[in-house]
Structure formats: structure tokens, C-alpha cells
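Let's take a relaxed walk through a protein structure, looking at charged pairs, strands and domains. Have a look at the picture first, then read on.

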Amino acid sequence: MTLFHGLFKKPWLWSWLAVAVVWSATVMVTGGAGALGLSQAALTFAAFSVIVGIGQMFVITLGPGNIDLSVPATMTLAGTVALKLMNVDNGMIVPGLLAALAVGVAVGMCNYTLIKLLRIPPIIATLAMSFIVQSAAIWTNRGLRIKPPSLLAEFTTSSTLGIPNMAIVALLIAVAAWVLLEKTLYGRWITAIGQSMAAARMAGIPVDGTRFITYVLCAVLAALCGYLLACFSGGAALNMGAEYLLMSIAVVVIGGTSVAGGDSNVPGVWGASLFMFLVVSMLNTYGLGAGVRLIMTGLIIISVIVVASGRRARQP
Amino acid sequence: MKPSMPTPSAPPPPIIEVENARISFGAVKALDGVTLQIMPGECVGLVGHNGAGKSTIVNVINGGLTPDEGGVSANGNAIDAYGINVARAHGVRCVFQELSLCPNLTVVENARIVHRDLGGAGWRGRARRIIEESLDAVFPGHGIDSGETVGALSIAERQMVEIAMAFSDAGTAPRLVILDEPTSSLDASLAKQMLAHVRRFVAAGGAVIFISHILHEILATADRIVVMKDGRIVAERPAGGFTAHSLFETMGSVAKGEAARRESRDLASAPLVLEQAGSGLPFTARKGEIVGLAGLSGHGQTEMLMKLHAQRSGNWWPRHDPAVAFVAGDRRLNGVFELWSILKNLSIASLSDLSRQGFVNDEAEEGRGEDWKKRIDIRTRAMENPILSLSGGNQQKVLFARALSTRAPVVLMDDPMRGVDVGTKQEVYRIVRDEAAAGRTFVWYSTEMEEVCLCDRVYVFREGVIVAELAGGDVNEANILAASFQGAAA
């Protein structure tokens with residue numbers, strides 16, 4: 001009973017519950033056929049949402065008003081720069097990765113510079129930054145679609161022991177993020193800042209340094225995701241990040257992280273990412289039209305959040 | 001004292017009469033049975049320490065607060081639904097300490113807001129005439145352009161406009177003007193002009209309630225002085241019956257000396273650990289010293305603590321050896337992390353000592369939590385309970401433990417005893433004394449006289465600067481009060 005009670009207090013539980021329900025509902029229709037394929041596809045596509053979602057989660061943890069809207073543009077720029085640098089050469093995989101991460105570091109630094117020095121609210125600063133970054137991507141790309149190096153294309157699209165490689169990468173990142181959030185000084189600091197910036201400052205926490213690192217971390221994860229996604233989908237496209245703007249925020253919120261900051265969790269990001277993919281697959285399996293599908297997606301997301309927040313309101 | 005009033009057979013009824021008003025905010029009695037009559041043709045001076053109930057009684061008179069008990073009558077008639085609009089209709093006007101004009105509008109437009117009956121075509125012209133007449137009357141030669149937006153005026157000019165606004169007549173003549181510290185942003189000559197106008201207004205049959213911390217202004221201007229303390233009127237006499245000194249004594253608390261005064265210590269040879277120059281006296285603190293910050297609340301003490309903290313803590317890079325720790329008084333604003341457990345709230349400031357390579361050592365953290373739970377008796381079953389499960393006093397103890405468990409040689413305290421029960425206070429006093437004896441420095445802002453008197457040395461603040469430094473035997477209520485109020489020098 002205590003275990004049960006304790007489990008129900010976990011905010012990430014609901015997204016996983018939703019995953020189980022939606023998965024079963026889909027598999028039931030197909031009569032069990034394609035259960036493996038569905039699971040593998042879900043893991044693969046969720047992996048990308050997880051990587052950007054974790055970055056966004058750290059930023060949202062910093063408290064009200066903190067958000068990074070430059071995620072899609074950073075993904076695109078990192079993808080295009082890396083593929084151009086690698087130029088289908090397997091020997092350039094590591095320099096390409098480093099270039100992508102450097103793009104992330106640069107964008108993150110610029111984001112926080114705008115926020116801090118010019119005192120622009122994060123939502124505006126990162127949006128403005130995303131236009132600059134997106135333009136840089138267009139300029140770099142010039143309409144060319146360069147293929148990824150063959151090894152990398154192979155790695156991102158294949159599986160190890162039946163588990164998609166992308167899911168393994170995302171899982172490793174998630175474990176690292178969990179340790180960072182729950183076990184380190186940095187994790188305590190961002191959680192404290194998210195609850196009360198004034199109190200954090202007076203408790204001797206280096207508030208600006210911590211926020212700076214967090215924005216850089218988010219942009220680096222977005223850049224890494226862009227690099228992997230570009231290789232996975234056979235080349236960087238200028239709109240490849242578009243759907244990840246809302247996705248990165250949605251998976252954080254559905255995963256049970258408090259939008260008000262200071263209360264975050266990593267497992268929920270995984271659950272929510274799987275859920276977001278599975279909902280669409282389920283509605284596709286039911287053969288619903290595009291319009292109905294979107295409406296249903298919206299309604300299901302709303303109900304998950306309502307159920308989850310209802311639980312939180314009852315807590316003492 | 002004042003020109004003889006037109007004397008009809010019966011004396012005129014009071015403009016406003018407050019009858020036995022009581023107001024409580026929670027457990028705090030803001031007004032505890034106050035009866036006050038304001039007669040036409042008199043200026044009433046209202047004095048008292050912070051929290052004496054001056055602002056509360058003013059808010060009752062201007063209709064902003066309805067007393068829990070007791071009533072208000074105007075012109076001798078009791079009024080049931082007394083409110084802001086009723087008060088204005090009876091000619092009650094108020095000039096607040098906090099300037100209440102709209103900074104994005106012009107002076108003329110602000111006049112329109114204050115005077116509702118100024119509407120209709122051509123209101124700008126009428127408003128301009130009214131406000132300019134009043135400005136000319138109160139502050140001859142003021143040089144304020146009434147077409148200017150208020151935001152472009154200096155603080156003093158805004159205050160002048162506000163005062164002129166209160167004395168202006170646009171249909172409903174002002175009969176009672178309440179001036180709540182009107183001269184704090186005016187220089188001496190402007191203050192003189194205003195006080196002269198107050199006398200003219202009173203001579204013409206109006207009434208004024210005048211609140212000021214500058215006592216000689218009150219003594220020179222008021223006909224009658226009302227002294228408030230702890231929500232009650234403790235003295236009410238013609239102004240001639242008071243001297244500056246007797247006013248202080250009446251304001252101060254009668255019972256005192258219950259806090260055991262610490263024996264004075266010789267710290268002159270101890271090294272300086274804090275130094276801060278400012279526009280007033282410089283601030284210094286020595287190792288092992290308890291330095292008090294006193295004065296009326298909101299006169300720059302908290303700002304001083306914030307400055308001391310900000311200059312000695314890293315905002316970008318974690319400091320390995322913290323220089324200062326801070327104990328919040330306003331727990332919700334800058335103290336408690338509400339989502340966290342007691343333990344996490346306690347350990348946050350000293351967490352880098354409990355970590356290795358950035359990883360928090362859970363055992364060390366729990367050990368420190370248990371240690372402090374015993375040392376200052378935090379009343380909870382488990383330190384994992386949420387911080388909000390504790391009473392306010394115990395939350396405050398956790399904040400003390402947070403600061404004291406750091407290695408910081410200086411602890412800054414921002415009036416931390418607000419809302420803390422007597423038992424906890426005594427425990428904390430003991431800890432502070434022990435820690436000071438062990439060489440820690442405390443900078444302690446307190447609004448409670450008893451606590452200030454526990455300090456080795458006290459700086460008194462007025463209007464954002466240090467105006468006096470008291471040490472040893474000079475640290476007492478009379479000296480602190482005298483330095484807090486201007487015009488009290490000897």
C-alpha cells in the first residue's frame with residue numbers, strides 16, 4: 001500500500017500509464033501483429049524528442065519565463081554545418097560532431113547574453129536568436145542536400161539487440177541527465193533557482209553562472225539532436241527542426257515537470273515522448289482523417305495533463 | 001494660536017469623528033479602540049513609531065478601511081457605508097507617502113482623475129486652471145508646467161503636485177486634508193511654503209491631519225498632537241504641552257530591559273571584516289561583533305544588507321569559501337524553497353562542503369541535518385518532511401541553521417524574528433551570542449528594540465543613510481529613537 005501510494009506521487013507515472021494504454025489500444029486493433037515494429041518505431045522517434053526535451057526541461061526548471069525557442073533553428077544549423085563539414089566522408093564523423101556541438105555552445109552563449117546583458121525576456125531573446133540561427137542555416141545550406149557519411153547513416157538507422165541505436169543514445173543521455181538533476185550540486189542549484197531566484201541568490205548560489213550553463217546545455221542537446229536527426233533522415237533539411245519547437249515543450253509538460261519551475265523529472269520526458277508518437281500512430285491505425293487526428297491528439301494531451309495536475313492538486 | 005473662529009451659539013460639529021475603532025489583521029491589533037475627532041479649523045499632528053497604527057487610522061478616515069468595530073461620523077452624523085467616495089464627498093483628501101499620481105499622464109490629466117466632476121467638454125482648460133491656482137497658492141513661484149507628464153517631474157515636484165492636488169477645489173471643497181509625511185521629499189524652503197499654506201488653510205476653517213517624523217515641524221505647525229502606540233492613542237494634548245523630548249518618551253515603550261543586556265566586550269583590537277562606505281557614516285564590522293542596524297523600517301537597512309551580500313558573493317562562479325551568509329526575514333520572498341524538504345532547505349547554502357566533484361554526498365547531508373535538528377531543536381519527526389509542514393518559527397530556525405552551517409565568517413540577518421514566538425527568539429539569541437563569542441560576525445537588522453539592544457554596536461538609518469553610530473552603553477531606546485527622527489538632536 002505504501003509502495004502503491006508512493007508510486008502514485010511520482011509525477012512521471014501518468015505519462016507512462018498513458019503510453020501503456022495507447023500502445024495496447026493500437027496493438028489490439030492490429031491483433032498483435034506489428035507490436036514489435038510499432039515499439040521500435042516509437043523508441044526511435046521518441047529518442048529525438050527525448051534529447052531536445054531534456055534540454056528544454058533543464059531550462060524550464062529555472063522557473064517562470066525560462067524557455068528556449070531556438071531549439072528548432074539550432075537543430076537545423078547544427079545538422080547542416082555538420083553534414084557540410086563531413087561531406088560524406090566517414091573519417092570526418094568526429095569533427096562533424098564537434099562542429100555541431102560547437103554550434104550548440106555558441107547559440108546557448110548568445111541566448112544567455114541577450115537575456116542577461118540586454119535584459120530581454122527569454123521567450124523573446126531565444127525567438128530572436130532562432131531567426132538569426134535559421135538564417136545562418138539557410139546561408140550554409142544553400143539548398144544543397146548533402147548525404148550523411150555512410151557509417152553514421154547506418155548507425156542511426158539500425159538496432160542493437162533489437163533496440164534502435166537512437167533509443168540507446170537517448171537512454172544514455174537520459175540517465176546522465178537524471179544523475180545531473182538528482183545527484184549533483186548543479187541539479188540542486190537549478191531546482192532552487194526555479195523555486196525562488198531571490199532565495200537562491202541569498203543562499204549563495206551563483207545564479208547567473210548556473211542559468212548560463214543551463215541555456216548552453218539546452219542548445220548543445222538541441223545541436224546533438226540535429227546532428228543525429230540529419231544523419232537519420234539522410235540529410236539536413238531546413239524545416240527539420242520545425243516540429244520539435246512545440247514537441248520539446250510538450251514532452252516536458254506532459255512528463256509531469258512543473259511549468260512553474262523547480263520541480264522536474266527525467267523519466268516523464270521519456271514517457272511523454274513515447275506517448276506523443278504512439279497517439280499519432282494509434283489514430284493512424286484507426287484510419288481517421290487528418291483533421292480528426294489533430295483534434296484527437298489535442299484532446300488526449302489535454303486529458304493527460306488534467307489527470308496529472310488533478311493528482312498534484314490533491315497532494316498536501 | 002489661531003484666529004478666533006466664527007462662534008455660533010453651538011460649537012460646529014467635527015468634520016470627521018472616529019468612534020472606538022478596532023481593526024485586526026489576523027492576530028495583530030492594528031487599531032485597538034481609537035476615538036479621534038477632527039474639528040474644523042485645527043491641524044492635528046499624528047506621531048508614533050512604526051506599526052503604531054498611524055497609517056491604519058488614516059485609512060479609516062479616508063474610507064480605505066472599514067473598522068471591524070466602531071464607526072465613523074461626518075459633520076455629526078453617523079455614516080453606515082463609509083467608503084472612499086463618501087469620504088471624498090465630505091471633502092476628505094489624502095496625500096500619501098508613496099506617490100500616487102499616474103506617471104504616464106500629465107499634471108492636468110491627473111487632476112481630471114482625482115476630480116471626477118471635472119468631466120465634459122473643455123475639461124482640460126478647467127483642470128489646468130484649478131491645478132495651477134492651487135500650485136500657485138501652495139508653492140508660489142513653483143515653476144511647474146502643468147502640461148508636463150508626471151514621469152518627467154522630479155520627486156519633489158511630484159510631491160508638490162500631489163499636495164496641490166489635495167488642496168485644489170473642483171466642486172467639492174477640501175475640508176480635511178491628510179498629509180502623510182509630505183515633507184520627506186521636499187527641501188526646507190518648499191516644506192516651509194507648504195507648512196505656511198497648512199496654517200492658512202486651517203485659519204480659513206479647514207482641518208489638517210499631519211504625519212511627520214520631523215518632530216519640530218509637528219510641534220511648530222500642529223494645534224493638537226496625538227501620540228499613537230500599539231494601535232492606541234496614548235497621549236493627546238495641545239502642541240504647547242509637548243516638547244521634542246517628551247514626545248519621544250511618550251512614543252517609546254514603557255516596559256523595557258527584560259532582555260538581558262550582554263556584557264560589553266572590548267573588540268577594538270579585533271580585525272575588521274566588513275567595510276562599506278556610503279553617503280552617510282561609513283559602516284564597519286569587526287570579527288566576533290554583533291552589529292545592529294536600527295531606525296524606522298524601510299529607511300535603507302535591508303538595502304544595506306543586500307549590498308553587503310551582493311558584493312561578497314559570486315553570481316557567475318561558485319565561491320569556494322563563502323564570505324557571507326544571509327538569514328531572510330521575509331521567508332516567502334527570499335528565504336524558503338517551498339517545494340523542498342526541510343533537509344534540502346537547510347543544506348543548500350553549505351552544499352558545496354557536502355559534495356565531492358559536484359556530487360552531493362547524501363550521508364554527509366543527512367548527518368548535518370540531524371546535527372542541526374538537535375542543535376536548534378527543529379520540531380519535526382523527519383527532516384524529509386516538506387518545509388511548509390513546519391510552523392513559521394521552525395521554518396525560521398531552519399533558515400538560521402542554513403546560514404550558521406556555512407563556513408561564512410559573517411552572517412547578515414534581515415529582521416529575521418518577525419512572527420517568531422518568544423521561546424524560539426530566546427533560543428536564537430543564545431545561538432547568536434555563542435557564535436559571536438566563537439568569532440563570527442553578525443549584522444543584524446531588527447525592528448524590535450529589544451533585539452537592537454543586544455548588539456555591541458548599532459547604526460541608525462534615516463532616509464537611506466547611516467545617521468548615527470551608538471556603542472556600548474549608548475545603545476538604548478531613547479538614543480535610537482532620537483536618531484531615527486530628524487530634528488531630535490539634543
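Is E435(B) buried or exposed? With a relative accessibility of 13%, E435(B) counts as buried, because the cut-off for buried is under 20%. Keep in mind that you're looking at a predicted model.

**Charged pairs**

E435(B) has a partner: its side chain meets that of R440(B) in a salt bridge, 2.9 Å from N to O. R440(B) counts as buried too, because its relative accessibility is 11% and buried means under 20%. Why would such side chains pair up at all? Side chains with opposite charges can do so when their charged atoms come close.

There's plenty more of this to look for, since a search of the whole structure turns up 17 salt bridges over all chains. One of them is between E365(B) and R188(A), with the closest N and O atoms 2.8 Å apart. E365(B) sits in helix 12 (residues 362–375) of chain B, while R188(A) sits in helix 9 (residues 185–195) of chain A, so this pair joins two chains. Both E365(B) and R188(A) are buried.

A further salt bridge is formed by R457(B) and E469(B), and here the closest N and O atoms are 2.8 Å apart. This pair links distant parts of the chain, 12 residues apart: R457(B) belongs to strand 19 (residues 457–462) of chain B and E469(B) to strand 20 (residues 465–471) of chain B. R457(B) is buried, with a relative accessible area of 10%. E469(B), at 42% relative accessibility, counts as partly exposed, because that value lies between the cut-offs of 20% and 50%.

Salt bridges can also share partners, and that is how R22(B), D32(B), E69(B) and R232(B) are joined into one network.

Here are three of the pairs side by side:

| Salt bridge | Closest N to O distance |
|---|---|
| E365(B) and R188(A) | 2.8 Å |
| E435(B) and R440(B) | 2.9 Å |
| R457(B) and E469(B) | 2.8 Å |

**Strand 19 and its neighbours**

Now back to the strand that holds R457(B). How many residues of strand 19 of chain B are buried? Six of its six residues are, so the strand is described as mostly covered. Both of its faces are covered: R457(B), Y459(B) and F461(B) are buried on one side, and V458(B), V460(B) and R462(B) are buried on the other.

Strand 19 of chain B pairs with strand 13 (residues 290–295) of chain B in the parallel sense, over five bridges. In that pairing, V291(B) has R457(B) as its bridge partner. Strand 19 of chain B also pairs with strand 20 of chain B, this time in the antiparallel sense and over six bridges. There, R462(B) has V465(B) as its bridge partner. Strands 19 and 20 of chain B form a hairpin with two residues between them, and E463(B) in the turn has a positive phi of about 50 degrees.

**A patch on the surface**

Over on chain A, a nonpolar patch lies on the surface. V292(A), I295(A), M296(A), L299(A), I302(A) and V306(A) form this patch, and together they have about 540 Å² of accessible area. V306(A) is in helix 14 (residues 290–314) of chain A.

**Domains of chain B**

Finally, zoom out. The domain assignment of chain B gives domain 1 (16–251) and domain 2 (272–484). Taken over C-alpha atoms, the centres of domain 1 and domain 2 of chain B are 38 Å apart. Their contact takes four residues from domain 1 of chain B and six residues from domain 2 of chain B.

Conventions
Residues numbered from 1 in each chain as written. Chains lettered and ligands numbered in written order. Predicted model: local features only at pLDDT ≥ 70, side-chain atom pairs only at ≥ 80, totals over all residues. Heavy atoms only, no water. Salt bridge = Lys/Arg side-chain N within 4 Å of Asp/Glu carboxyl O. Helix = DSSP H or I, 4+ residues; strand = E, 2+ residues; numbered from the N terminus. Buried < 20%, exposed > 50% of the residue type's maximum accessible area, 1.4 Å probe, protein only. Patch = residues over 30% accessible without salt bridge, like charges linked within 9 Å, V, L, I, M, F, W, Y side chains within 5 Å. Areas by Shrake-Rupley, 256 points an atom, 1.4 Å probe, with all protein chains shown as cover. Pairing = 2+ DSSP bridges. Domains from an automatic or database assignment. Contact = heavy atoms within 4.5 Å.
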